[in-house]
Amino acid sequence: MPTDAFEELLKSIRVPVWLTGNKNFYVNGETGSDTLDSGRGESVGKPFKTIQAAYNFIADNYNLGPYNLTISIESGIYAEQVRLAGYNASTGLVRLVGNGSVTISGAIVVLAAMSYDLRALSVSCAGEPLEGSSFWAGILASRGSSLSVQGCAIDASVSMDGNKYPVRADASTITYREENAITGDFSAAFFATNAATMNIMADTSINGSATSATVYLTNLSTLSTNSSFEGRNPIISGSVTGKRYSVYFNSICNTGGGGPEYFPGSVQGNAVNGGQYA
């Protein structure tokens with residue numbers, strides 16, 4: 001039997017460890033190791049070296065049930081395209097949380113219809129295009145996933161050929177909580193396609209240039225703004241060279257009355273082919 005087929009067989013018959021409460025795993029790029037010895041990742045003193053190895057171990061060995069599992073990432077630069085596939089849970093979710101100054105030089109890619117929470121992370125678009133695509137992204141949510149982004153910074157300033165999307169939602173939901181920031185030269189700061197949903201619930205700063213638009217919605221996608229901050233609309237600040245928004249093919253951009261200049265840009269936006277902007 002081929003090795004990969006054998007590994008899949010082992011996974012199918014392995015009995016997962018069921019959580020009985022919330023649990024932390026730890027990653028430290030300086031002191032960690034991805035060797036799967038006893039207790040690896042379960043304490044600050046014995047962390048994983050890479051985020052991907054920590055996540056793979058969790059997905060392969062645990063059932064979260066109703067509890068949350070947090071991957072606590074120590075300060076440093078992690079040159080990874082972190083791929084978050086499925087894990088076992090009922091209502092619990094996986095969190096990736098930066099402890100100090102954490103930069104992921106690559107991408108975070110969500111590949112399963114599960115819930116994830118990203119907190120206090122910096123992501124720099126870098127490396128190769130995302131596997132199976134011709135574009136770069138900082139954070140990509142796909143395949144029916146639900147993603148919360150809190151206090152994160154996405155940098156698309158690295159020089160690359162092709163389209164760059166600091167944040168892209170494809171048939172999924174992304175909710176922005178707490179203040180986030182986007183910088184660099186990008187195709188679109190907020191890009192949503194294939195009936196995706198974006199909820200902006202916190203102040204966000206966007207600075208750079210857009211070859212398409214600051215906001216680009218297509219194929220039945222929706223972007224809505226609302227805030228828990230004193231019941232007001234989130235403030236979208238910054239300076240962008242390029243179109244403010246492009247809304248296509250029965251997509252809807254609802255700014256809660258924010259007006260046509262709500263998103264930063266040097267060129268007025270447009271809504272065509274059934275697209276609506278309000």
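Mentor: Let's start with pairing: two strands count as a pair if DSSP finds at least two bridges between them. Keep in mind that this is a predicted model.

Trainee: Then how do you know that S8 and strand S11 pair?

Mentor: Count the bridges. S8 and strand S11 (residues 153-156) have 3 of them, and the cut-off is at least two, so they pair. They run in the parallel sense. One bridge you can look up is Ser-124, whose partner in S11 is Asp-155.

Trainee: What makes S6 and strand S8 a pair?

Mentor: The bridge count again. Strand S8 (residues 122-125) is joined to S6 by 4 bridges, against a minimum of two, so that's a pair. These two run parallel as well. Ile-104 stands opposite Val-123 in S8.

Trainee: And how do you know that S5 pairs with strand S6?

Mentor: S5 and strand S6 (residues 94-110) are joined by 4 bridges and run parallel. With at least two needed, they pass, therefore they pair. In S6, Ile-108 is the bridge partner of Val-82.

Trainee: What makes the side chains of strand S5 an alternating set?

Mentor: Walk along residues 81-84. Val-82 and Leu-84 point to one face and are buried, while Gln-81 and Arg-83 point to the other and are not buried. That fits the general rule, because side chains in a regular strand alternate between the two faces of the sheet.

Trainee: Why is helix H2 called mostly covered?

Mentor: Of the 11 residues in H2 (residues 51-61), 9 are buried, and buried means under 20% relative accessible area. Among them are Ile-51, Tyr-55, Phe-57 and Ile-58, along with Gln-52 and Asn-61.

Trainee: Why is Thr-70 called buried?

Mentor: Thr-70 has 14% relative accessibility, and the limit is under 20%, so it counts as buried. Thr-70 sits in strand S4 (residues 69-78). Its contacts beyond four places in sequence are Lys-23, Asn-24, Phe-25, Arg-95 and Val-97.

Trainee: Arg-95 turns up there. What makes the link between Arg-95 and Asp-117 a polar contact?

Mentor: Distance, to begin with: the two side chains meet at 2.9 Å, and N or O atoms have to be within 3.5 Å. Arg-95 is in strand S6, and Arg-119 is also one of the residues it touches.

Trainee: Lys-164 is charged. How do you know whether it is buried or exposed?

Mentor: Check the number: Lys-164 comes in at 7% relative accessibility, under the 20% limit, so it counts as buried. It lies in strand S12. Its side chain reaches the backbone oxygen of Ala-156 at 2.6 Å. Lys-164 also touches Trp-136, Asp-185 and Phe-186, among others.

Trainee: How do you know where Ser-251 falls, buried or exposed?

Mentor: Ser-251 has a relative accessible area of 0%, which is under 20%, so it's buried. It lies in the loop between strand S22 (245-247) and strand S23 (252-254). A polar atom of its side chain is 3.3 Å from the backbone nitrogen of Leu-220. Its contacts include Gly-274, Gly-275 and Gln-276.

Trainee: What makes phi worth a look at Ala-120?

Mentor: The sign. Most residues other than glycine have a negative phi, but phi of Ala-120 is near 55°. Arg-143 joins it, with a positive phi of about 60°. Ala-120 is in the loop between strand S7 (115-119) and S8, and Arg-143 is in the loop between S9 and strand S10 (146-150).

Trainee: Why do those two residues get their accessibility labels?

Mentor: Exposed takes over 50% and buried takes under 20%. Arg-143 is at 57%, so it's exposed. Ala-120 is at 34%, in between, so it's partly exposed.

Trainee: Last one: what makes up the lining of the largest pocket?

Mentor: A mix: 5 nonpolar, 3 polar and 5 charged residues. Leu-111, Glu-131, Phe-135, Leu-140 and Ser-142 lie nearest the centre. Strand S9 (136-142) and strand S12 (164-170) each supply at least two lining residues, and the space inside is about 170 Å³.

Technical notes:
Residues are numbered from 1 along each chain as its sequence is written. This is a predicted model: local features need pLDDT of at least 70, side-chain atom pairs count only at pLDDT 80 or more; totals for chains, interfaces and linings use all residues. Side-chain values use heavy atoms; hydrogens and water are left out. On a 1 Å grid over the protein atoms alone, a cavity is a set of points where a 1.4 Å probe fits but cannot get out, and a pocket is an open set with protein on both sides within 12 Å along at least five of seven lines; lining residues have an atom within 4 Å of a point. Grid points are joined across faces, edges and corners, and a volume is the space filled by probe spheres set on the points. Ala, Val, Leu, Ile, Met, Phe, Trp, Tyr, Cys and Pro count as nonpolar, Asp, Glu, Lys and Arg as charged, and the others, Gly among them, as polar. Buried means under 20% relative accessible area, exposed over 50%, partly exposed in between (1.4 Å probe, protein chains only). A polar contact is a pair of N or O atoms within 3.5 Å; within protein, one must be able to donate a hydrogen and the other to accept it, and residues adjacent in sequence count only if both atoms are side-chain atoms. Contact means heavy atoms within 4.5 Å.
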